[in-house]
Amino acid sequence: MANGSRQAAWEFFGSELKRRREGAGFTQAELGARVFVSGGYIGQFEQAIRKPQLDVAQRIDTLLHSDGFFERMWHKLIDDKRYAGYFAAVVELERTATKIAEFAPALVPGLLQTAGYARAVTLAGNPLVADEYVEEKVTARRERARILDVAALPGYWVILHEQVLRIPVGGHAAMAEQLEHIVGLVRRRRVLVQVLPCSVGAYPLIGRMVQLMEFADAPPTAYTEAVYSGNLLDEPALVKRVQDAYDLLRAAALPPDASLSLIESATEDHRRCASTT
């Protein structure tokens, strides 16, 4: 679906929500309280500024007796089958973000992954699937990364734990290619990367992947991920806590120049290992 058509569909979603809400006699605040979001968010849904999460769309259907209308609209507009259900809304938000900040404690973030790295990660978790499944996942991940290729790209800041540089995902040659890709993006000023060295020891958000997103016309969000599940946070106090923790990570990480040097050194290490195997 083209961006213009998608936006028009979200505007229809919002106008229909407003019509049915008013028909049921609810204010925005009253509806929000019943579906566990603020009245302000209901207003943003109605203005097509913010997209609801699936569980919110389902609760709206239940409360407004809309026979699954809003859930069906959500699946039509957000639910890309190439992504896990809990992650599809994040992909949608990435397309409109003005700033993205990530912390990766174990894996290179999806927006930075090469095809070889993404293929190795997919196969590690799905060793018996068909080649078509693997290539679909790889293609979807590379399509997400296109936001880094456009002129009006979002500001993108990534903190990598040093262990991300050391684990030879896909083998040493594939890992060297992956790190070279990151170096290229840094040198083209597509992304700002810092490395959190192992010597830091304990650190904020230890072991937890986190992604922060900011928008021109909507409040910021934070996304965290666990085993086969994800949590998209938009409650202001919680998002602020994640932002504060990310600021502490920035302070603990190496400066950008030193980080780039470490990534380049790790690249050479993988190249040497690849040449001896």
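Helices (DSSP H or I runs of at least four residues) and strands (E runs of at least two) are numbered from the N terminus. The views show a predicted model, in which local features need pLDDT of at least 70 and side-chain atom pairs pLDDT 80 or more, while totals for chains, interfaces and linings use all residues. Residue numbers start from 1 along each chain as its sequence is written, and side-chain values rest on heavy atoms, without hydrogens or water.

**View A. The largest pocket and its lining.** The largest pocket has a volume of about 1,100 Å³. A pocket is an open set of points on a 1 Å grid over the protein atoms alone, with protein on both sides within 12 Å along at least five of seven lines, and a lining residue has an atom within 4 Å of a point. Grid points are joined across faces, edges and corners, and volume is the space filled by probe spheres set on them. The lining of the largest pocket comprises 32 residues, and those nearest the pocket centre are Tyr-86, Leu-107, Val-121, Arg-141 and Glu-225. Strands β1 (99-104) and β5 (221-226), together with helices α7 (115-125) and α8 (131-144), each give two or more residues to this lining. Of the contributing elements, α8 gives the most, with 5 residues.

**View B. The enclosed cavity.** The structure holds 1 cavity of 30 Å³ or more. A cavity is a set of grid points where a 1.4 Å probe fits but cannot get out. The volume of the largest cavity is about 80 Å³. Eleven residues line the largest cavity, and Lys-51, Gln-53, Ala-89, Leu-93 and Leu-232 are the ones nearest its centre. Helix α6 (residues 88-94) supplies the largest share of the cavity lining, 3 residues.

**View C. The nonpolar cores.** The largest nonpolar core has 61 residues, among which Leu-112 and Ile-182 touch the most other members. Helix α10 (residues 172-187) provides the largest share of this core, 6 residues. A second, separate core has 16 residues, including Leu-196, Leu-233, Val-239 and Leu-249. A core joins buried Ala, Val, Leu, Ile, Met, Phe, Trp, Tyr and Cys residues through side-chain atoms within 4.5 Å. Buried means under 20% relative accessible area, exposed over 50%, and partly exposed in between (1.4 Å probe, protein chains only).

**View D. Surroundings of Leu-112 and Gln-178.** Residues up to four places away in sequence are not counted in the contacts described here. Leu-112 touches Leu-148, Tyr-156, Val-158, Gln-178, His-181, Ile-182, Leu-185 and Val-191, contact meaning heavy atoms within 4.5 Å. Gln-178 lies in helix α10, and this residue counts as buried because its relative accessibility is 0%. Leaving aside neighbours within four places in sequence, Gln-178 is in contact with Leu-112 as well as Val-108, Gln-113, Thr-114 and Tyr-117. Tyr-246, 68 residues from Gln-178 in sequence, is 24 Å from Gln-178 in space, C-alpha to C-alpha.

**View E. Strands β2 and β3, with His-161.** Strand β2 (residues 155-161) pairs with β3 in the parallel sense over 5 bridges, where pairing requires at least two DSSP bridges. One bridge joins Ile-159 to Gln-194 in β3. Strand β3 (residues 192-196) is mostly covered, with 4 of its 5 residues buried. His-161 belongs to strand β2 and counts as buried because its relative accessibility is 8%. The contacts of His-161, apart from neighbours within four places in sequence, are Phe-103, Ala-104, Pro-105, Val-195, Leu-196, Pro-197, Cys-198 and Tyr-203. Of these partners, Leu-196 is also a member of the second core.

**View F. Two loop residues with positive phi.** Most residues other than glycine have a negative phi. His-65 has a positive phi, near 50°, and is located in the loop between α4 (54-64) and α5 (69-77). His-65 counts as exposed because its relative accessibility is 72%. Leu-205, likewise a residue other than glycine, has a positive phi near 60°. The loop that holds Leu-205 runs between β3 and β4 (210-214).

**View G. Ser-15 and Gln-47.** Ser-15 is part of helix α1 (residues 3-23). Ser-15 counts as partly exposed because its relative accessibility is 42%. Although their positions lie 32 residues apart along the chain by sequence count, the C-alpha atoms of Ser-15 and Gln-47 are separated by 7.5 Å.
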